[in-house]
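I've got a structure to go through today, and I'm keeping notes as I look things up. Here it is.

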Amino acid sequence: MKSAVKKFKGLSDKAIAWIFIAPTLILLLAINIYPLIYAIRMSFTNFYANKIGREVKFVGLKNYKKILGKEEIWEKMQITAHFVCWTLVLQALIGLGLALLLNKKFKGNELLTTLIVLPMMLSPAVVGVFWTYLYNPQVGLFNYVVNFFYDFGIFDMIGSSTLAPWSIVIVDTWMWTPFTMLICLAGLRSIPNYLYEAAEVDRASKWQQFIHITLPSVLPFLLLALLFRGIENFKMFDLVAELTSGGPGSATELASINLKREAFEKWKTGYSSAFAVILFVTIFGFGNVYVKVMNKIKER
Amino acid sequence: MRKILSVFLVPVFALLFSFNAKSESLTLGWAAWDPANALQELSKEFTAETGVEMNFEFVPWPNFAERMLNELNNQGKTFDLLIGDSQWIGQGAEYGHYVKLNDFFDANGISMDDFNPATVYAYSTWPKGSPNYYALPAMGDALAWAYRKDWFDRPELQAEFKSKHGYDLGVPKTWDELYDMCTFFQGREIDGQVRYGAAINTERGSEGITMGVTAAMYAWGMQYENPDNPYEMDGYFNSDASVEAVEFYRKMYEDCAPPGHSDAYMVANLDAYKSGQVAFQMNWYAFWPGVSKEDSDGRVSGFFANPCQNVCAATLGGQGISVVSYSDKQDLALEYMKWFAKPDIQQKWWDLGGYSCHMDVLGSPDFVDSAVYAQGFLDSMGIVKDFWQEPTFVELMLPMQERIHDYVVNGKGSAKDALDKIIDDWTEVFEDDGKI
C-alpha cells in the first residue's frame, strides 16, 4: 500500500490528471469519435449492411452529390426547418410567459409548476401514441375542444397534409415548453431584487422594467434552452415516428425519419452515412454560430 | 441436518434434471396475430410427440419485418425456424439466410405437388417458379373483404339501394359495385349511429397502403413488368389501367373511409369494423376466424374474395416456414418441418384457425363447408398476385408506400406522377443491384 502511495506521489500533476481523464476519454473515443470516423469512412463507399459478401467500393463524393442534388431531401429539410422553427418560437413565447407567471408568488404555485412540468417527464413514444388518440377526428378530445370554441366540423389533424405538420408542432410544444419554462424560471429567480427596487425609485413602468431588466437578464437562459431544444428537434425521431410515421405521404417526414428509413430499412449504409454526416455538420455549424451569438449577447 | 439437506437438495436436483430433460428446444419467430396463437397450440402436439420444447417469439406486425430482417442480416441465432413474409424469399435465398430444402424434401418424401401451386410458387421458390425450395408453405393468405351482412339483409336498405342503383344490395362483384355500396353506407345513420363505407388499407410505415392499392391495381390488370423483358416497367406498371386503379383507390379513401382512417392497416381496419363504424373492411383471411368466432350464427358478418374489375385477382399474403441457416439446431428444426408437413397435422392446423396450403385439406369434400370464408379462400388462392419478391424488396416497397400515400391520403400530385416516380425509384434500385 505504502509503495503504491509512493508511486502515486512520484507522478506529476499532469500525469495524475491524465489518469483521471483517461477513462472518460477512452469511452468518448470508443462511443463517439470512432463511430463518427467510421461513418465518415462509410459515407465514401457503396456499402449495404444487408448485402453480405458484396464488394464494398470507394465511390468518392457520389453519395454526397446524390443527396444534395435530390429534390426530396430538400423537401425533408424544409419540413424539418418548419418543425424546428415553429417549435422554438412557440416554446420560447409560451415558456417565457409561463415562467413570468410562475415567478409570482401565489397559492398553489408549486403544485401548478409540478403539473406543467409533467409532460416532459413522459416518454416521447408514449406521448406520440396517446396524441394519435387525442387527434382522432371521431373520438379524440382535440377535435372536441377545438369545436367547442368554433365549429370546424370533423377535421383530421394527422391525416391532412396541411394540418399534419402543425400536429407535430403542437405535440412537441406541449411536451417541451415546460423545459424552456424551467430554464427561464431559473433565470428570473437569479435577477437581484435591488434592480427592480432601483427601477421603482426611478419611476420606471412595469413594461420598462420588463424590457430593460427582466428580458436582458433572462435572455441568455432562454437562448440556452432554445439551443438544447433546437439540437433535439433537428434530430427529432421517436415522437413523430409514433404520431404520424412521417405521413400523410411525406408531409411530416423529418430528415431523421428519412435517415432511419434509408439506414435501417433500405440498408443503404454508405448513402445514409453520408446523409448522417451532412446532418451532423449542419447541426454543428448552426450550433457554433448560435453559441457565438449567445456569447455576444451575454457580453453586452 | 440430513433431513434439512434432503428437503432443499431434492427439489434442486429435480429441477436440474427437469431442465436437462427439456434441454432440446426450438425457437420459432412469426408475427403476433391470431394464427400465431393457433400454431402455438398446435405445436404442443409436437412437444408431446418428441419432447422438444417449442419457444415462440411473436413480433407485432408494424415491427415484424424490421425485427426479423435485422436478425437475419446480423446472422443472429435467435430463431431456428422463421415464418417469413412471401416477399422475403428472394433475400432469404440469395443472402443465404434460409436453408435450401430440396434434399430434405426428397429424403423425407415431402412433395411440393401436395401443396397448392400458387402458394408453392409464392412462398417457397427462388428464383420464382424454379424447383429450388427455401420454405414450406405454412400459412396461405390473401387480401379479402368482410361486410355487415346484418345491414345488407335489412329490407328497407335493400329497397333503397335497388331504387338508387338498379341492382341488388349484396356481395359486390366488381370494384364499381363495391364503391356504390360503400358510398351508400357512408354517413348513413343506422340504429342511431353514423356509419361509414369501408375500412381500407392506408398505413404509411410498413406495407399497408401498398397491399391495399395493389388489390385494386391487380383487379384492373396491372403488371409490374413486361413479361417478355423483365424489369421493363414503363407502360406496364404505369399503364392507363394502373393509373385508373390508383385513382379509384383514392376515390374509395375520400368517399368511403371513416374520418381519421389515414394510417390504418390490419388492426385498425378490424377495430373500425368490429366497433360498427363501417359496412366493409379490407383485411387478410387470417383475421376471418376471429371475426367469425364472434358471430356464431353467421348473422352479422359475410366474407368475399377481392372483387373483379377488368380481371379477377387478389393481393397475396401469407408465409412459408423456413429453417434459418445460422441456427445451431437445423436438424431439429427440419424435424419440426417434417412433422408440420404431415397431412393430419395440416388438417388440425386448418381446424385451429391456420390456413393450410396442403391439397389434402383444401381438396377435402368438407373443406368448403368447414367455414363461411373457406370458399372465398379457395377462390382467392387461385387468383393471387404478389409484390416483388426480389432481395431488394424493402427498397422497392418503401418508395411505393411513400408515393402512393402521398397521392391517396395526402392528395399530392396525380396517380400517373406517383406511378412514374415509383418506376424511377425502382429503376435506381434495380440498377444498383445490377439487375438492369
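Before I start on contacts, I need one definition: two residues are in contact if their C-beta atoms, placed from the backbone, lie within 7 Å. I also note that this is a predicted model.

**Entry: Ser327(B)**

I looked up what Ser327(B) touches, leaving out residues up to four places away in sequence, and got Lys77(B), Phe79(B), Asp80(B) and Ala333(B). Ser327(B) itself is in the loop between strand E12 (319–323) and helix H14 (330–340) of chain B. Is Ser327(B) buried or exposed? I found 20 C-beta neighbours inside 10 Å, so Ser327(B) counts as buried. I checked the cut-off: buried takes 20 or more. Then I compared Ser327(B) with Gln75(B): they are 252 residues apart in sequence, and their C-alpha atoms are 9.0 Å apart in space.

**Entry: helix H3 of chain B**

Gln75(B) sent me to H3(B), since that helix is followed by Gln75(B), whose phi is positive, near 55°. H3(B) runs over residues 61–73, which is 13 residues. From first C-alpha to last, H3(B) reaches 19 Å, close to the 18 Å expected at 1.5 Å a residue.

Which residues of H3(B) are buried? I listed Phe64(B), Ala65(B), Met68(B), Leu69(B), Glu71(B) and Leu72(B). They cover an arc of only 155° around the axis, so they sit on the same side of H3(B). I then asked what covers them, and the cover includes three strands of chain B: E1 (25–31), E2 (53–59) and E3 (81–85).

**Entry: where the chains touch**

How many residues of chain B are in contact with chain A? I got 20 residues of chain B against 22 residues of chain A. On the chain B side, the elements giving two or more residues are H3 and helix H18 (393–408). H18(B) has the largest share of that side, with 6 residues.

**Entry: Phe46(B) and helix H2**

Next I picked Phe46(B), which is in helix H2 (residues 34–50) of chain B. It has 18 other C-beta atoms within 10 Å, so Phe46(B) is partly exposed. Not counting residues up to four places away in sequence, Phe46(B) touches Val52(B), Met54(B), Tyr336(B) and Trp339(B). I tried Asn310(B) too: Phe46(B) and Asn310(B) are 264 residues apart in sequence and 46 Å apart in space, C-alpha to C-alpha.

I stayed with H2(B) and looked at how it crosses helix H15 (residues 343–352) of chain B. Their axes come within 9 Å and cross at roughly 140°. H2(B) and H15(B) are therefore oblique to each other, and their crossing is right-handed. Ala38(B), Glu41(B) and Leu42(B) make the contact from H2(B), and Lys348(B), Trp349(B) and Leu352(B) from H15(B).

**Entry: a helix pair in chain A**

Over in chain A, I looked at helix H12 (residues 255–264) and helix H13 (residues 269–299), whose axes come within 8 Å and cross at roughly 160°. That makes H12(A) roughly antiparallel to H13(A). The crossing here is left-handed. From H12(A), Ala255(A), Leu259(A), Glu262(A) and Ala263(A) do the meeting. Their partners in H13(A) are Thr269(A), Tyr271(A), Ser272(A), Phe275(A), Ala276(A) and Leu279(A).

In the loop between H12 and H13 of chain A I found Trp267(A). Its phi is near 60°, a positive value in a residue other than glycine. Trp267(A) has 20 C-beta neighbours inside 10 Å, so I put it down as buried.

**Entry: another positive phi**

Arg203(A) isn't a glycine either, and its phi is positive, about 60°. I located Arg203(A) in the loop between helix H9 (193–201) and helix H10 (206–234) of chain A. Buried or exposed? With 7 other C-beta atoms within 10 Å, Arg203(A) is exposed.

**Entry: cis peptide bonds**

Where did I find cis peptide bonds? One joins Gly247(A) and Pro248(A), with omega about 0°. Pro248(A) is in the loop between helix H11 (238–243) and H12 of chain A. Another runs from Trp126(B) to Pro127(B), with omega near -10°. I placed Pro127(B) in the loop between helix H6 (117–123) and strand E4 (136–139) of chain B.

Technical notes
Residues numbered from 1 in each chain as written. Chains lettered and ligands numbered in written order. Predicted model: local features only at pLDDT ≥ 70, side-chain atom pairs only at ≥ 80, totals over all residues. Helix = DSSP H or I, 4+ residues; strand = E, 2+ residues; numbered from the N terminus. Expected span 1.5 Å × (residues − 1). Buried ≥ 20, exposed ≤ 12 C-beta atoms within 10 Å, placed from the backbone. Arc of directions from axis to C-beta. Axes fitted to C-alpha atoms, helices over the stretch in contact; angles between N-to-C directions. Parallel < 35°, antiparallel > 145°, perpendicular 65-115°, else oblique. Left-handed = near helix turned anticlockwise from the far one by under 90°.
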